[in-house]
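Trainee: Could you take me through this model slowly, explaining each term as we meet it?

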Amino acid sequence: MNRLLIDTDPGEDDALAIMMAAAHPHTKIEAIIVAAGNVGLHHTTNNAAVILDRLGLDIPIYAGCKNALVQNTQDASHAHGLDGLGNTGYRSERTIESAHGSAEIVRRVNAEPGELTLVTLGPLSNIAVALHLDPDLPFKIKRTVAMAGAVTGHGNTNVCTEFNVFADPEAAHFVFEAWGAAGKMIEVADWELATRHGFTKQDRAGWVALDTPLSDFFAAISAHSNRFIEEFRGRTVNFFADPVAMAVALEPEIIKRRAQHHLGIELNGGLSRGQTIVDWLDASGRQANADIIQEIDHERLLELALMAQR
Ligand code: BDR
Ligand code: CA
């Protein structure tokens, strides 16, 4: 059984990723930890609950950090809607657990060292705080898969950065450095991978044609994002990044090409704060901390996304 801790800031693409995990055989979502990111924590926490309501799943939800470690930035409500789920306004009455998300990650990972896979779909604030609580965390996590970064500077926020890293660069710095120091690697599903595995209008029409409660739900929460990319980005292919990362977490055999290098985070930089700097030539001699996923089996990704909405 592939047992997942999902740290997420839903987000319609986070929603599809969670739906994929829920639909996947031999996968169990142990807990959802909520990050602030796409929108504020009160919205992302509600959204996680809305998603689980729609899935009819009884999985505990823990709210994490409200703020970035050092400096808050703009959210991504322009792309995801003011509520993060496309301005649908869905509300959940589900009870949120009282433990803080970071403390809960530490508790669960220590209760079962080597058993849990961590999938991060949002800014890394919760993981950074968990690391401060338990610096040995990287040794005790089975696999870590992160939707993070833009490995050659082709980003989606401030030109060269990717939103999840841009939103809390210090957190990403702590996390990548700690994994490297432990001799561990984070499997990085970055924005550029997502742009190579976008979802066409035709793919999305196939989901709508399923005409199930889950496909209706995803159509409703993604309508704003589909409009946004057409009107403001001038393209019809939607790059849902989190499902690509989730596909890697669910089925490692989906990976077709990867490269392992040191990945650092620019914390200063007039133009480049939050950029992921990859040592492609291994010139620094630093321990590789990133297993950068460069290509996956696209057909299988499409199958997983479709399965999630049946
Ligand atoms: C990432 O940023 C968010 O807007 C998405 O949910 C995804 O996690 C893509 O850069
Ligand atoms: Ca996300």
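Mentor: Donors are N, O and S atoms within 2.8 Å of the metal, or 3.2 Å for Na, K and Ca, and since water is not among the atoms, sites may look incomplete. This is a predicted model, in which local features need pLDDT of at least 70 and side-chain atom pairs count only at pLDDT 80 or more, while totals for chains, interfaces and linings use all residues. Residues are numbered from 1 along each chain as its sequence is written, chains are lettered from A and ligands numbered from 1 in the order in which they are written, and side-chain values use heavy atoms, with hydrogens and water left out.

Trainee: Which residues are the protein donors of the calcium ion (ligand 2), and how are they spaced in sequence?

Mentor: The calcium ion (ligand 2) has protein donors 2.2 to 2.6 Å from it, and these come from Asp9 (OD), Asp14 (OD, listed twice), Leu121 (O) and Asp242 (OD). Along the sequence, the spacing of these donor residues is D-x4-D-x106-L-x120-D.

Trainee: Is Asp14 buried or exposed?

Mentor: Buried means under 20% relative accessible area, exposed over 50% and partly exposed in between, using a 1.4 Å probe and protein chains only. Because its relative accessibility is 0%, Asp14 counts as buried.

Trainee: How is the aromatic pair of Tyr90 and Phe217 arranged?

Mentor: Rings of Phe, Tyr and Trp (its six-membered ring) pair if their centres lie within 6.5 Å, and planes under 30 degrees apart count as stacked, over 60 as edge-to-face and the rest as tilted. By this rule there are eight aromatic pairs. For Tyr90 and Phe217 the centres are 5.9 Å apart and the planes make 40°, so the pair is tilted.

Trainee: Why does this pair tie together parts that are 127 residues apart in sequence?

Mentor: Helices (H or I, at least four residues) and strands (E, at least two) are DSSP runs, numbered from the N terminus. The pair does so because Phe217 belongs to helix α11 (residues 213-233), whereas Tyr90 lies in the loop between α3 (77-80) and α4 (101-111).

Trainee: Which residue of β6 is the bridge partner of Ala146?

Mentor: Two strands pair if DSSP finds at least two bridges between them. Strand β5 (residues 143-147) pairs with β6 in the parallel sense over three bridges, and three bridges also join β6 to the parallel strand β10 (residues 290-296). The β6 residue that stands opposite Ile292 in β10 is also the bridge partner of Ala146, namely Val188.
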